[in-house]
Amino acid sequence: MNVALGHDAAMGLAIEQADKVKGATYPNPPVGAVIVDRDQRVVGVGGTEPAGGAHAAVVALRRAGALAAGGTAVITLEPCNHHGKTPPCTDALLDAGVAEVVYAVTDPNPIAAGGADRLRAAGVRVVTGVQAEAVAAGPLREWLHKQRTGLPHVTWKYAASVDGRSAAADGSSQWITSDAARADVHRRRAAADAIVVGTGTVLADDPTLTARLPDGSLADRQPLRVVVGEREISSEAKVLNDDSRTMVIRTHEPAEVLRALSDRTDVLIEGGPTLAGAFLRAGAIDRILAYVAPILLGGPITAVHDVGVPSIARALRWRFDGVQRVGPDVLLSLVPG
């Protein structure tokens, strides 16, 4: 890239790198890094490699080579300052001779934190908070939640008509939303650690719960498929095929499900209205992704059943943190209000 970039534009490119590796870096966070030379021209980009591999800053520095000297490293997360499976990123930055480090979000992990202080002590200029909100609500959303709470971040994803129906009166639901919306869902599945459905969904729809590419082939990375509930499912169910690993949890209690998935970071709830209602009643949903199609269905099959709200005064309050068009549909992103 020959165009000179400022901090914001370079961080935008680093965010793109983080998005590309999201889902493939656990237990490390999905981080992106960009190295610009003295003339503010991009000379190296990189994202965190799978566990045991190099962190984003190291990948970008390797690609930049000698051009990193005197330049700027732009990173979505504060460079680590500890020896884990790999040496500290601060060592690599100092060895490369960068003059400036720009990062978005301070590392909340006390074991890895302290990179900024070490860099400053060595004479490197450090700029913090650049596009922090975009990073915290984007590629690091789930990881930061896990750092704060110790629990996986849970997203309830569903598709519905504009009047809130998840199927027509006869039970048919393929397809409420467009090809574009379904492609977006598969992209998110490939970045998730686990997809959770209830036994009712398996018995009614026999889904495979895989992440697929637009041509229908399996994506390189597949999430763990999780089936919860007390009913038995057929040994021939598609969710038990060899396309990915599957965990069956003989409970429908959200707290027990999350305990079983405590080693995961990014969990998608894709079950039916009963499972969604149970997680909402338990306060176990951290984000809602609603794909809303411009169709009307009417009928009794709603996207969610009882959520424990007896009156409008007791409504569960959420706020929008994103609205976007996906083909002819609208994707609404909501977080607790």
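**Close-up views of a predicted model**

**View A. The pairing of strand 12 with strand 13.** Strand 12 (residues 318–326) and strand 13 are joined by eight bridges in the antiparallel sense, and this is a predicted model. G322 faces S333 of strand 13 across the pairing. Two residues lie between strand 12 and strand 13 in the hairpin that they form, and G327, in the turn, has a positive phi of about 60°.

**View B. Strand 13 and its pairing with strand 11.** Strand 13 (residues 329–336) is mostly covered, with six of its eight residues buried. Strand 11 (residues 287–293) runs antiparallel to strand 13 and is joined to it by five bridges, and within this pairing Y291 stands opposite L331 of strand 13.

**View C. The surroundings of H153.** H153 belongs to strand 6 (residues 153–161) and counts as buried because its relative accessibility is 3%, where the cut-off for buried is under 20%. Leaving aside residues up to four places away in sequence, H153 touches R141, E142, H145, T265, D266, V267, D286 and R287.

**View D. An open sheet of five strands.** The strands of this sheet follow the order 2-1-3-4-5, with mixed pairing. Strand 2 (42–47) and strand 5 (125–128) stand at the edges and each has a single partner strand, so one side of each is left without a neighbour in the sheet. On average, neighbouring strands of this sheet are turned by 15° against each other, direction ignored.

**View E. Strand 1, strand 2 and helix 2.** Strand 1 (residues 32–36) pairs with strand 2 in the antiparallel sense over five bridges, and V36 stands opposite V42 in strand 2. Helix 2 (residues 56–64) lies across strand 1, strand 2 and strand 3 (72–77), and runs at about 145° to strand 2.

Definitions and conventions. Residues are numbered from 1 along each chain as its sequence is written. This is a predicted model: local features need pLDDT of at least 70, side-chain atom pairs count only at pLDDT 80 or more; totals for chains, interfaces and linings use all residues. Side-chain values use heavy atoms; hydrogens and water are left out. Helices (H or I, at least four residues) and strands (E, at least two) are DSSP runs, numbered from the N terminus. Buried means under 20% relative accessible area, exposed over 50%, partly exposed in between (1.4 Å probe, protein chains only). Contact means heavy atoms within 4.5 Å. Two strands pair if DSSP finds at least two bridges between them. Axes are lines fitted to C-alpha atoms, for helices over the stretch in contact, and angles run from 0 to 180 degrees between N-to-C directions.
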